Amino acid sequence: MAKTGRDGSPQVAEGESAEGYHRGLGARQIQMMAIGGTIGTGLFLGAGSAIAQAGPSLILWYAVAGAVLFVVMRALGELLVYRPVSGSFAEYAREFLGPFWGYATAWTYWIMWVTTGMAEITAAGQYVHYWAPGFAQWKTALISLLVLFALNLISVKVFGELEFWFALIKIVAIVGMILIGVGVLTIGFSAAGDTASVTHLWADGGIAPHGVWDSTMTLQIVLFAYLGVELVGVTAGESKDPEKNIPRAIKSLPWRFGIFYLGALIVILSVVSWREFQPGVSPFVAAFAKIGIPAAAGIVNFVVLTSALSSCNAGGLYATARMLRTAGRNGHGPKVLGRLTNRNIPAVALTVSAVTMAIGVGINAIDPEHAFVYITSVSTGGAILVWSVILVTHLRYRRAVSAGRVAASDYRAPGAPYTNYLALAFFAFVTVLIASSSDSRVALYVIAGWLVLLGLGYGLLKRQARARRAAEPHGSR
């Protein structure tokens, strides 16, 4: 049982959070997780098809989406400083929107990342084919999952170190691409030196060569590339000095977005004309090949492999386990999900997430091509729902502060509530875009079905709770 003080409040051991987690994530790891969380396969692979569809205008959509998600993260940052907890946005939704929204947010975030994790470990199997074409894809996926699962069971510090190095590999790859590209543009070396020019951004068919509507339709792909930016909020219960480190990580978002997304795209599209990019081909591979760097495909394949493993590690296992434990502690799931090991690891919740993703290995092995498209669409739809809940929760929090019911945060989101409304309108617009495409529309059907299941599950939980209260002796109430 938890220790309590004289006033009956829980006593928190040094180095632990009020939820029992060990605060083992330092500033270095939090910063790298914040950077790594915004760099994934959406940029390394998905940008190829988006460039072919939108041309140079894709840079604009990455800037717009980045600005909107900065609004989301500043709103979340204000809530995190008000009360830093793991499973943050689900806990805040429960506090300010009501029990159902806390329950729905936790489970939606779980299913969003579990499905994404399924896609990532399957993708890892595909990437390994580059070096070992005879090795079965499902074997690589299973080995990757088991290794990451085992490392997450050891300690949060081991998880943090692993994510630190995953993020570092991605950062080095992108910074290297930018520096080499700038060298090609300014000095003119390599095979691309004679044709590389910033005029590719506007003079080669225009900024939006296929029209504004086709360009706008890439917003779904763009948002998927930003999936994971909210992971910093999940680390709050296990970070050292969260009131200081988390705001610092959020404040650095604009320059991170500017360098790793906008900077990379500007350089790539200047070195190589947008016409040379094809769907399904990494723009980094295409750019390295055009420049003539030896072993370019192998280098980028390794980077993309670590990116997939990073996504599975941080979102598919770490974040989902913390969300499941939040559900277990709040009575929104089996109580056993709320248990911690003697190393302060939510092992039961972690195991449930890993086993569910293992089922996805088999599903993706049957039809990997179509499954990946559907999964990414569902993940984007789930992310829009979670990000919208964060914004609405923040609005309710501000209202509670004005009424004097809760303490004001020292880290305030600028422009609120107006920026919240603008961001919500943007997400509504992207939802309309998803509905207008036959390829992505299936995501809305799945999410609608998921919300129905959540409603049925919540009703069942409430009935069980009423039955337990009715069965209790009158004197124990």
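What percentage of the 477 residues in the chain is buried? Buried residues make up 57% of them. The model is a predicted one, and the tour below proceeds by selection.

**Whole chain.** Begin with the cartoon of the complete chain, which shows 18 helices and zero strands. Switch to a surface representation: the chain exposes about 19700 Å², of which 65% is supplied by carbon and sulfur atoms. With contacts displayed, consider those with a sequence separation of 6 or more; residues 24 or more positions apart account for 80% of these.

**Aromatic pairs.** Next, select the rings of Phe, Tyr and Trp. The structure holds 18 aromatic pairs. Centre the view on Tyr82 and Tyr397, whose ring centres are 4.9 Å apart; their planes meet at 45 degrees, so this pair is tilted. Tyr82 belongs to helix α3 (residues 58-82) and Tyr397 to helix α16 (residues 368-402), so that the pair links distant parts of the chain, 315 residues apart. Tyr397 counts as buried because its relative accessibility is 0%, under the 20% limit.

Move on to Phe89 and Tyr109. The centres of these two rings lie 4.9 Å apart and their planes stand at 75 degrees, so the pair is edge-to-face. Phe89 is in helix α4 (residues 88-97) and Tyr109 in helix α5 (residues 99-128); the pair therefore ties together parts that are 20 residues apart in sequence. Phe89 and Tyr109 are both buried.

To complete this stop, select Tyr62, Tyr226, Phe257 and Tyr261, which ring pairs link into a cluster.

**The end of helix α6.** Select helix α6, residues 137-154, and display the side chain of Asn152, which is placed in this helix. Is Asn152 buried or exposed? With a relative accessibility of 3%, Asn152 counts as buried, because the limit for that class is under 20%. Its side chain is joined to that of Asn313 by a polar contact of 2.8 Å. Beyond residues up to four places away in sequence, Asn152 touches Phe159, Asn313, Leu317, Tyr318, Ile345 and Leu350.

Ile154 is also found in helix α6. Ile154 has 35% relative accessibility and so counts as partly exposed, the class between 20% and 50%. Leaving aside neighbours within four places in sequence, Ile154 is in contact with Arg343 and Ile345. Draw a C-alpha to C-alpha distance from Ile154 to Ile345: the two are 7.9 Å apart in space and 191 residues apart in sequence. Ile345 thus appears in the contact lists of both Asn152 and Ile154.

**Helix α13.** Now select residues 283-291, which form helix α13; the buried residues here include Pro283, Phe284, Ala286, Ala287, Phe288 and Ile291. In an α-helix there are 3.6 residues a turn, so residues three or four places apart point the same way. Extend the selection to Gly292, which follows α13 and has a positive phi, near 95 degrees.

**A nonpolar surface patch.** Finally, return to the surface and select Val175, Leu179, Trp255 and Ile259. Which kind of surface patch do these residues make? Together they make a nonpolar patch of about 370 Å². Helices α7 (156-187) and α12 (253-271) each supply at least two residues of the patch. Ile259 is found in α12, and its relative accessible area of 36% makes it partly exposed.

Note on methods:
Residues are numbered from 1 along each chain as its sequence is written. This is a predicted model: local features need pLDDT of at least 70, side-chain atom pairs count only at pLDDT 80 or more; totals for chains, interfaces and linings use all residues. Side-chain values use heavy atoms; hydrogens and water are left out. Patches are made of residues with over 30% relative accessible area and no salt bridge: like charges are joined within 9 Å, nonpolar side chains (Val, Leu, Ile, Met, Phe, Trp, Tyr) within 5 Å. Accessible areas come from the Shrake-Rupley method with a 1.4 Å probe; for residues, only the protein chains shown count as cover. A salt bridge is a side-chain nitrogen of Lys or Arg within 4 Å of a carboxyl oxygen of Asp or Glu. Helices (H or I, at least four residues) and strands (E, at least two) are DSSP runs, numbered from the N terminus. Buried means under 20% relative accessible area, exposed over 50%, partly exposed in between (1.4 Å probe, protein chains only). A polar contact is a pair of N or O atoms within 3.5 Å; within protein, one must be able to donate a hydrogen and the other to accept it, and residues adjacent in sequence count only if both atoms are side-chain atoms. Contact means heavy atoms within 4.5 Å. Rings of Phe, Tyr and Trp (its six-membered ring) pair if their centres lie within 6.5 Å; planes under 30 degrees apart count as stacked, over 60 as edge-to-face and the rest as tilted.
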